[in-house]
Amino acid sequence: MSDMTETSGTPSDTPPEASSDSAPSEVAAPVAATKRSARKRDTSARKRGPSARRRRRSSALVLVLGLMATGVLWTMLAPSGNAAQTADANEAVRQGRALYLQGCSTCHGLGAQGSNTGPSLVGVGAAAVDFQVSTGRMPLAAPAAQADRKPPIYSATQIDQLSAYVASLGGGPEVPKVTDKELSDADLAHGGELYRANCAQCHQAVAQGAPLTYGKFAPSLSESTPKQIVEAMRTGPESMPVFGDRQLNDEDAAAVAAYIKHLTDTKSPGGFSLGKYGPVPEGLLAMLVGIGGLLVVCLWIGARQKV
Ligand code: HEC
Ligand code: HEC
């Protein structure tokens with residue numbers, strides 16, 4: 001189509017000699033054709049020239065920017081630490097694996113894939129191991145409805161190594177860091193609200209614990225450390241639900257832990273706390289022991305009087 005318009009020739013295309021002739025001469029025609037093709041070539045060259053150069057320049061710019069962005073991202077996201085730290089981490093995983101094979105693999109399987117006496121530990125994360133082993137629940141001595149809290153049998157270093165090994169199998173929550181400053185800065189009133197909304201139905205109003213169904217129980221939280229409290233929330237041991245950080249963020253979790261420690265560490269200023277069951281048992285005790293005692297004394301005085 002464009003060829004046809006080219007050959008038919010617009011007035012400006014046609015050379016003056018050709019336009020003056022009614023019929024194009026044999027000489028003029030090839031001249032005109034070469035001129036036309038030459039012009040066509042150089043218009044296309046003119047068209048390609050600057051834009052191609054600009055394109056080349058802009059792609060070079062994109063390349064440089066891309067390289068710079070990669071560099072910046074690398075420095076920001078690359079695992080910090082040096083070879084020595086990596087070697088330490090590898091060593092912890094190696095030691096942890098040895099401890100695991102010795103103490104845990106009989107129930108959880110040689111590769112932590114689980115067996116019929118223990119669940120798989122792939123993906124449970126360091127937090128679950130730290131919680132289970134530091135509260136003495138694991139290693140489980142014998143199958144039961146629920147693992148009890150016991151004095152831990154592994155040292156803190158060994159627990160870190162076991163956690164590192166299980167974490168190296170992939171995924172799961174990390175061991176949370178709860179600093180004293182976070183605890184002392186925590187909003188106790190907010191922690192109390194969250195505790196009553198999320199935890200009190202199982203662990204009771206003052207964290208003393210209570211039985212659940214099928215021989216299970218929500219334990220008392222008086223011995224739990226703040227770290228174990230946050231770990232329990234993040235990993236949901238046994239029949240306890242998981243409270244992820246979208247439900248309770250780190251600040252909320254610290255507030256809950258601070259509130260629980262406030263509940264369980266506060267001495268009862270009135271003397272006997274009566275299991276902290278609240279005003280009803282306290283009232284009952286006042287009635288039975290207080291008024292009842294006075295009645296007994298009155299009766300005793302009355303019985304001694306000889307009339
Ligand atoms: C006698 C068998 C037995 C031994 C030994 C044992 N476990 Fe367990 N483990 C269990 C059972 C059963 C459960 C699930 C029941 C529960 O959580 O109470 C469990 C649960 C766990 C969980 C929680 C998994 C989860 O989904 O959150 C972790 C973590 C764990 N064990 C780690 C260990 C570690 C580490 C050792 C070795 C120090 C160990 N276990 C030794 C039987 C065992
Ligand atoms: C559905 C009932 C339920 C709810 C709700 C629940 N828990 Fe638990 N919790 C349990 C059970 C059951 C265990 C025992 C798990 C085990 O032995 O493996 C437990 C264990 C714990 C422990 C470990 C205690 C120890 O031995 O040191 C802590 C800490 C804890 N829960 C904190 C919380 C907190 C905080 C909340 C609220 C954010 C909460 N729980 C909500 C049922 C519950």
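Trainee: Which side-chain atom lies 2.4 Å from an oxygen atom of ligand 2?

Mentor: In this predicted model, an N or O atom in the side chain of R149 lies 2.4 Å from an oxygen atom of ligand 2. The side chain of S224 also places an N or O atom 2.8 Å from an oxygen atom of the ligand. A147 takes part through its backbone, with an N or O atom 3.2 Å from an oxygen atom of ligand 2.

Trainee: Which residues come nearest to ligand 2?

Mentor: The shell around ligand 2 holds 26 residues, and R149, C199, C202, H203 and M240 come nearest. By class, 17 of the shell residues are nonpolar, 6 are polar and 3 are charged. Helices α10 (200-203), α11 (226-235) and α12 (250-265) each supply at least two residues of this shell.

Trainee: Where does ligand 2 lie with respect to domain 2 and domain 3?

Mentor: Ligand 2 lies between them, because domain 2 (84-168) and domain 3 (180-266) both give residues to its shell.

Trainee: How should the angles at the iron atom of ligand 2 be read?

Mentor: For six octahedral donors, the ideal angles at a metal are 90 or 180 degrees. Around the iron atom of ligand 2, the 6 donor atoms subtend angles of 87 to 179°, and the arrangement is therefore octahedral. The protein donors are H203 (NE2) and M240 (SD), lying 2.0 to 2.2 Å from the iron atom. H203 belongs to helix α10 and M240 to the loop between α11 and α12, so the pair ties together parts that are 37 residues apart in sequence.

Trainee: Are H203 and M240 buried or partly exposed?

Mentor: H203 is buried, at a relative accessible area of 10%, a value under the 20% cut-off. M240 counts as partly exposed, at 23% relative accessibility.

Trainee: Which residues coordinate the iron atom of ligand 1?

Mentor: H108 (NE2) and M138 (SD) coordinate the iron atom of ligand 1 at 2.0 to 2.2 Å. This pair links distant parts of the chain, 30 residues apart: H108 is in helix α5 (residues 105-108), and M138 is in the loop between α6 and α7 (156-168). The arrangement around this iron atom is octahedral, because its 6 donor atoms subtend angles of 87 to 179°. H108 is buried, with a relative accessible area of 9%, whereas M138 is partly exposed, with 22%.

Trainee: What joins the side chains of D130 and K227?

Mentor: A polar contact of 3.4 Å joins these two side chains. D130 lies in helix α6 (residues 125-134) and is buried, with a relative accessible area of 3%.

Definitions and conventions: Residues numbered from 1 in each chain as written. Chains lettered and ligands numbered in written order. Predicted model: local features only at pLDDT ≥ 70, side-chain atom pairs only at ≥ 80, totals over all residues. Heavy atoms only, no water. Near = heavy atom within 4 Å. Polar contact = N/O pair within 3.5 Å; in protein donor to acceptor, adjacent residues only side chain to side chain. Helix = DSSP H or I, 4+ residues; strand = E, 2+ residues; numbered from the N terminus. Nonpolar A, V, L, I, M, F, W, Y, C, P; charged D, E, K, R; others polar. Domains from an automatic or database assignment. Donors = N, O, S within 2.8 Å, 3.2 Å for Na, K, Ca; no water. Tetrahedral: all angles 85-135°; square planar, octahedral: opposite > 155°, others 65-115°. Buried < 20%, exposed > 50% of the residue type's maximum accessible area, 1.4 Å probe, protein only.
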